[in-house]
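Me: I should like a close look at a single part of this structure. Please explain how one helix is placed against its surroundings, in terms suited to a first-year student.

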Amino acid sequence: MGEMKINGIPVTVDRRNIKSLNLYVKPPDGKVRVSAPMRTGDRTIRAFVQSHVDWIQKQQENMRASFPQHKYVTGETVLVFGEQVPLFVIDATSKRTCGARLEERRLVLTVPAESTVEQREKLLRSWQREQLKEIADGMLQRWAKLMYVQVNEWHIKRMKTKWGSCNFHAHRIWLNLALAEQPVECVEYVVVHELCHLLEPSHSTRFWNLMTQYLPDWKERRTRLNTRPGKTKAEP
């Protein structure tokens, strides 16, 4: 991947084996990414982005409204596997009681007295990690067995531009912690996607045929996963 600045907008460029230019504006902070055919020149990419500057700025404005900066206080809502859940914050009686739990259709966040936003976010992320680990572990085991692939190890981390990644040689998979905010069927799409990379490292025709074989509705799931980000396409 490469980086360039176009009209003052930082843009990540990912050249890959595709036929058309694709422009994405990623939530929650409106980062701009272009995927381009391998031989597309910088001048073509710059012209493509410049022709969509107004659209990019509109998408970024919409995201700032849709993804307000969290303070993690009572009354805010958080996404739990695709559903907006009200947040209820209480002070902890001891450090051992700090954490998060779902209770009566709300997420209760127990925090230290006079906690900072960073402390509250850390507690929520820790809970999200546990929830995603529980769901993804079962999916990985089930699908690896069905697909006759071996996963040597898998981990969760926060990633800026990818929902998941796969090291073909080490048979290692990483999942984005942000998947804890996405619908479960979208989590499954990412799991199957990364497992398919253990059979085919590239995004070749064979890879997408494998996706269709194992998850026939993968296109619908991918669309749902990327519904909130802005996206447009144009021929190079």
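Reply: The following account takes helix 3 as its centre and then turns to the elements around that helix. The model is predicted.

Helix 3 spans residues 117-147, and helix 4 spans residues 184-196. Two packed helices are described by the angle between their axes and the distance between the axes. For helix 3 and helix 4, the axes come within 10 Å and cross at roughly 45 degrees. Helix 3 is therefore oblique to helix 4. The crossing of helix 3 past helix 4 is right-handed.

The residues that form this contact can be named on either side. Helix 3 contributes Leu132, Ile135, Met139, Leu140, Arg142, Trp143, Ala144 and Met147, which meet Val184, Val187, Glu188, Val191, Val192, Leu195 and Cys196 of helix 4. Of the residues in the contact between the two helices, 13 are nonpolar and 2 are charged, while none is polar.

Helix 3 also has a sheet as a neighbour. This sheet is open and holds 4 strands in the order 5-6-8-7, with mixed pairing. Strand 5 (77-80) and strand 7 (99-103) each have a single partner strand, so they stand at the edges and one side of each lacks a neighbour in the sheet. On average, neighbouring strands of the sheet are turned by 35 degrees against each other, direction ignored. Helix 3 packs on this sheet and touches strand 5, strand 6 (83-91), strand 7 and strand 8. The direction of helix 3 makes about 125 degrees with that of strand 8.

Two of these strands deserve a further look. Strand 7 pairs with strand 8 (residues 106-111) in the antiparallel sense, over 5 bridges. Within this part, Leu102 stands opposite Leu107 in strand 8. The loop between strand 7 and strand 8 contains Glu104. What is the phi of Glu104? Most residues other than glycine have a negative phi. Glu104, although not a glycine, has a positive phi of about 55 degrees. The relative accessible area of Glu104 is 71%, and Glu104 is therefore exposed, since exposed residues are those over 50%.

A further residue can be described in similar terms. Asn7 lies in the loop between strand 1 (2-6) and strand 2 (9-16). Asn7 is not a glycine, yet has a positive phi of about 55 degrees. With a relative accessibility of 51%, Asn7 counts as exposed.

Key: Residues are numbered from 1 along each chain as its sequence is written. This is a predicted model: local features need pLDDT of at least 70, side-chain atom pairs count only at pLDDT 80 or more; totals for chains, interfaces and linings use all residues. Side-chain values use heavy atoms; hydrogens and water are left out. Axes are lines fitted to C-alpha atoms, for helices over the stretch in contact, and angles run from 0 to 180 degrees between N-to-C directions. Helices (H or I, at least four residues) and strands (E, at least two) are DSSP runs, numbered from the N terminus. Angles under 35 degrees count as roughly parallel, over 145 as roughly antiparallel, 65 to 115 as roughly perpendicular and the rest as oblique. A crossing is left-handed if the near helix is turned anticlockwise from the far one by less than a right angle, and right-handed if clockwise. Contact means heavy atoms within 4.5 Å. Ala, Val, Leu, Ile, Met, Phe, Trp, Tyr, Cys and Pro count as nonpolar, Asp, Glu, Lys and Arg as charged, and the others, Gly among them, as polar. Two strands pair if DSSP finds at least two bridges between them. Buried means under 20% relative accessible area, exposed over 50%, partly exposed in between (1.4 Å probe, protein chains only).
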